[in-house]
Protein chains: 2
Amino acid sequence: MKKRLVIVGLGLMGGSMAIALKGFEDFEIVGVDVSQPTLRYAAEHGVGDWVTERAADVIPQADVVALALHPQGIIDFLTANRDQFKPGALVWDVCGVKSAILEAAQVLPETVDFIGCHPMAGTEFSGVEHAFGEMFQGSHFLMVPRPDSRPEHIALLERLAAYMGCKDVCRTTGEDHDALIAYTSQIMHIIAVAVCDDPDLFACRGFEGSSFRGCTRVAALDVGLWTQLFSLNRPALLAVLDRLLGNLQAYREVLAAGDRAALAEKLARSAARKRQMDLPGPDLLK
Amino acid sequence: MKKRLVIVGLGLMGGSMAIALKGFEDFEIVGVDVSQPTLRYAAEHGVGDWVTERAADVIPQADVVALALHPQGIIDFLTANRDQFKPGALVWDVCGVKSAILEAAQVLPETVDFIGCHPMAGTEFSGVEHAFGEMFQGSHFLMVPRPDSRPEHIALLERLAAYMGCKDVCRTTGEDHDALIAYTSQIMHIIAVAVCDDPDLFACRGFEGSSFRGCTRVAALDVGLWTQLFSLNRPALLAVLDRLLGNLQAYREVLAAGDRAALAEKLARSAARKRQMDLPGPDLLK
């Protein structure tokens, strides 16, 4: 008899996983969503082996449950379904913040193993109609096990990530993950929206250079999702925002002082850091 | 007899103009540079009709002089050559700041017409070996005439810009130009270098998402050039930097307060501004 892998939430991420994981070892892939149009689309396009709107019907028999909802949805689902999971089951999530999710997962009974995950893949679109199985090709799969996570579950997720096409699985802590994401992604979105708050925005339309477009590309963000991501990662995001404010303020001071030599020295240091960052390395050669 | 158009400085900008302007009306295009390798390359590759290292030999007979040096180089050249220009000549520059250049141009005698210009074109490379005549295709040509600039000179530059391939000529003031550039370009470079000053930069190598790459792409900048551009545009740049600091601080406050509804409302407003900015318009349809 086949094992059962349930994916809760068939958006871009869950839908793409449901496609990419078909045929994985001896698992049947079951998709769960509350939206009828999503379920219809998924059933018609082979997203997973079969789909249902009734989580309660499939969770108790699931060996593995992947939560691919919005961050707050994951937290709420864990609380509402804490007693529905099969003893010995592996539950994992795919959300872009980890400490808050791992904290929420403490409601689970001891018999249920939870591992926080973050496949670093996506597009600027959302919804099952944009899902595609190749989305994970070449991306990192970040994993935050708990101290008591079972080695066979960690090994299972490593095989699963490889099957989806991820290039590696990087184990980290919730704290380190959240600091990384705050710096490499979240603060970029804060910068982008803050730049668009400038009163001169519309006056410069048609005159934006490529640097302006590059910096503000992500400003038209999914408000519901990012409100949750920012809010659930508040300490790490505030820390990196304060460091950015300090670094901008340092440039402000040397500019205001009118000391060209000091400005040149400062720019040379920052530019050298960027050049060093971009040196070809294993991750940049592909 | 042909008229003479002298281009001082055969870097990426001056070199590309010297290529693009060949055959323009009844002008011969003369390139001036102090670097022997640059002159050799220009002569061998048809950059301009002919080149020389001796500005003093060609400036007094020039009907039009385009200054394509670094900003401080333009200022210094104007001062050093103030009495060398032919009475009735048109002198113009191509620099990314305008108020400081127009102020420097006040050293010129009344018989010499000066018009500040800024062809909004370029690449991430520099030097004559990267020059190409198509660089100006589809770009804006910003022009800041003085109150006493002669209409025939303005008309000449309009024809010249069209000949190079610019899509339009926009007349503006030094103040407006510098505010526009401070916001659409300069502050993006300040953000990029400030982000790279973060102590976590190297720790996140290989995990930067596309938003991080988009925001920091321009951080490995030409230190000498940008030190001059920032310094010569100090008031406008400080103004936009202070507005950015204020807008980031406003996000910091709503984040720190932990008020999700207020954060969502603020994000919705910024994202809507970005969407409105990107509505298809005349400049974005091409």
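**Exercise 1. The shared surface**

Work out whether chain A and chain B of this predicted model meet through the same surface or different ones.

*Solution.* Start with the interface residues of chain B. Of these, 100% are also interface residues in chain A. The copies therefore meet through the same surface.

**Exercise 2. The symmetry**

Find what kind of axis relates the two copies.

*Solution.* Superpose chain B on chain A. This takes a rotation of 180°. The shift along the rotation axis is 0.0 Å, and the RMSD is 0.0 Å. The two copies are thus related as by a two-fold rotation axis.

**Exercise 3. H10 against H10**

Describe how H10(A) and H10(B) run relative to each other.

*Solution.* Helix H10 of chain B covers residues 234–257. Take the distance first: the axes of H10(A) and H10(B) come within 10 Å. Next, the angle: they cross at roughly 160°. An angle over 145 degrees counts as roughly antiparallel. H10(A) and H10(B) are therefore roughly antiparallel to each other. Then the hand: this crossing is left-handed. Last, the residue classes: the contact of H10(A) with H10(B) has 18 nonpolar, two polar and six charged residues.

**Exercise 4. H7 against H10 in chain A**

Classify the packing of H7(A) on H10(A), and name the residues that meet.

*Solution.* H7(A) spans residues 174–196, and H10(A) spans residues 234–257. Their axes lie 9 Å apart, at an angle of about 60°. That makes H7(A) oblique to H10(A). The crossing of H7(A) and H10(A) is right-handed. Now list the contacts. H7(A) brings A:Asp178, A:Ala179, A:Ala182, A:Tyr183, A:Gln186, A:Ile187, A:Ile190 and A:Ile191. They meet A:Ala236, A:Leu237, A:Val240, A:Leu241 and A:Leu244 in H10(A). By class, the contact of H7(A) with H10(A) holds 11 nonpolar residues, one polar and one charged.

**Exercise 5. H7 against H10 in chain B**

Repeat the analysis for H7(B) and H10(B).

*Solution.* The packing angle of H7(B) and H10(B) is about 60°, and their axes are 9 Å apart. H7(B) is thereby oblique to H10(B). H7(B) passes H10(B) in a right-handed crossing. The residues of H7(B) that take part include B:Tyr183, B:Gln186 and B:Ile187. Among their partners in H10(B) are B:Leu237, B:Val240 and B:Leu241. The contact of H7(B) with H10(B) has 11 nonpolar, one polar and one charged residues.

**Exercise 6. Confidence**

Find where in chain A pLDDT stays under 50.

*Solution.* Begin with the whole chain. Chain A averages a pLDDT of 95, and 97% of the residues score at least 70. Then look at residues 281–286 of chain A, over which pLDDT stays under 50. The model has 13 contacts beyond four places in sequence for these residues. Where pLDDT is low, the predicted coordinates should not be read in detail.

Definitions and conventions: Residues numbered from 1 in each chain as written. Chains lettered and ligands numbered in written order. Predicted model: local features only at pLDDT ≥ 70, side-chain atom pairs only at ≥ 80, totals over all residues. Heavy atoms only, no water. Axes fitted to C-alpha atoms, helices over the stretch in contact; angles between N-to-C directions. Helix = DSSP H or I, 4+ residues; strand = E, 2+ residues; numbered from the N terminus. Parallel < 35°, antiparallel > 145°, perpendicular 65-115°, else oblique. Left-handed = near helix turned anticlockwise from the far one by under 90°. Contact = heavy atoms within 4.5 Å. Nonpolar A, V, L, I, M, F, W, Y, C, P; charged D, E, K, R; others polar. Least-squares fit on C-alpha atoms with pLDDT ≥ 70 in both. pLDDT = per-residue confidence, 0-100.
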